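Subject: Structure handover

Hello,

Here is the structure you asked to take over. My notes on what turned up in it follow below.

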Amino acid sequence: MEKAIKYRNPICTQTIKNIRDPFIIPENGIYYLTGTIPPYWDGKSEGVKLWKSRDLLNWEEIGFILHRSAANENSWFRDFWWAPEIHKKNGKFYLTVNCRNDGLEIGQNPLIAVSDRIDGEYTLLNADEPLFTKEKYESGKVILPDGNDANLFTDTDGKTYITCCSWDGIFLYEINLETAEIIGEPTMVVLPSEDGWDTKIEGQFIFLHNNKYYCFYSSFTRSYEVGISTADNIRGPWKKDPSNPIITPNGVEGLIHSGHNCAFKDYSGNYLTAYHITLEGRENEQLLAIDKFDFDEKGNVKTHAPTLSEQTL
């Protein structure tokens, strides 16, 4: 961006009125946005939509890049299309979205698809079988009976990892993206606390800065808040930041929730986080918010998020 732009959260336009779990990826001078679209809770979400913008504030809807019509009554991924993300590796775009089929008693799982273009068409990679099932769990093949809010991360050595959350915590597996197959044993990244602000955790996102790994994660124990777990190696040990939560609606007048974030660098070099918020009097809407963050000399994340006052990008 060539000049500073002033704005206020939430970022509401005619094309984005209601979105949860926002995910933004910069690509070829453009920002692309996806996220959970309504209806949220009855399982009838229509699929994954994509938007694009040159300034992060004015968004143009591209449309569906993966539609629910790809599933049928017997598909394990028929319902609840939540928290989509797009990850680029070796010139290809890998889409993850979290689905399930209650009729088949299959819990939430990552559906993975691939395309040569960020806006599609996407080919499903694991339509025949979810990554996590009760059968795999009971046989000891995986540590999770199901897995939600998938986040992909490719390390500096080229290995790709997938993190998923469950009631037991947030766990990381190496994954072969081309075949959508889990590799090896899992690593624990975040465990829920027993009596703190984060007894129920989800919405993780891994970010690398100066050879240090940061896992942003959200909790809905009290409202909706964001914390961080850090490590010097992707395989841990991971440690929660003592300043958690780093993003909380507490003390921000008119704000109820602020969570499920992603982190990225804009074209001006700023570190930004996108997350969704809920405002008093607008409880039926989930709204897009974007704020800056940075790192101090010790590598600690510093941010003024969440904000409702005037900000500058």
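A salt bridge here is a side-chain nitrogen of Lys or Arg within 4 Å of a carboxyl oxygen of Asp or Glu. By that criterion the side chains of Asp198 and Lys240 form one, with an N to O distance of 2.9 Å. The two partners lie in distant parts of the chain, 42 residues apart: Asp198 is in the loop between β13 (181-190) and β14 (201-209), and Lys240 is in strand β17 (residues 239-240). Asp198 is buried, because its relative accessible area is 3%, under the 20% limit. Lys240 has 30% relative accessibility and therefore counts as partly exposed. Please keep in mind throughout that this is a predicted model.

Overall picture

The protein has 1 helix and 22 strands. Its C-alpha trace spans about 50 × 40 × 40 Å along the principal axes. For 313 residues, a compact globule would have a radius of gyration near 20 Å; the protein has 18 Å, which agrees. Of the 313 residues, 57% count as buried. Among contacts with a separation of 6 or more, 48% are between residues 24 or more positions apart. The exposed area is about 14,100 Å², and carbon and sulfur atoms supply 45% of it.

Other salt bridges

The structure holds 12 salt bridges. As background, side chains of opposite charge can pair when their charged atoms come close. Asp119 and Arg117 are joined by one of these bridges, at 2.8 Å from N to O. Asp119 is partly exposed, with a relative accessible area of 28%.

Another links the side chains of Lys136 and Glu129, at 3.9 Å from N to O. That distance still qualifies because the cut-off is 4 Å, so this is a pair to look at if you apply your own criterion. Lys136 has a relative accessible area of 18% and is therefore buried, the limit for that class being under 20%. Its partner Glu129 is partly exposed, at 47%.

There is also a network of salt bridges, which links Arg68, Glu73, Arg78 and Asp79.

The surroundings of Ser219

Ser219 belongs to strand β15 (residues 212-219). Is Ser219 buried or exposed? Its relative accessible area is 0%, so Ser219 is buried. The side chain of Ser219 reaches the backbone oxygen of Lys200 at 2.9 Å. Leaving aside residues up to four places away in sequence, Ser219 touches Trp197, Asp198, Thr199, Lys200, Ile201, Tyr224 and Glu225. One of these contacts, Asp198, is the acidic partner of Lys240 in the salt bridge described at the start.

One of the sheets

Strands β6, β7, β8 and β9 form an open sheet in the order β6-β7-β8-β9, with antiparallel pairing. The edge strands are β6 (79-89) and β9 (123-124), each of which pairs on one side only. Within the sheet, strand β7 (residues 92-101) and strand β8 (residues 106-115) run antiparallel and are joined by 8 bridges. Leu95 stands opposite Ala113 in β8. Asp79, a member of the salt-bridge network, has the number at which edge strand β6 (79-89) begins.

Regards

Definitions and conventions. Residues numbered from 1 in each chain as written. Predicted model: local features only at pLDDT ≥ 70, side-chain atom pairs only at ≥ 80, totals over all residues. Heavy atoms only, no water. Helix = DSSP H or I, 4+ residues; strand = E, 2+ residues; numbered from the N terminus. Buried < 20%, exposed > 50% of the residue type's maximum accessible area, 1.4 Å probe, protein only. Polar contact = N/O pair within 3.5 Å; in protein donor to acceptor, adjacent residues only side chain to side chain. Contact = heavy atoms within 4.5 Å. Pairing = 2+ DSSP bridges. Rg over C-alpha atoms; globule rule 2.2 N^0.38 Å. Areas by Shrake-Rupley, 256 points an atom, 1.4 Å probe, with all protein chains shown as cover.
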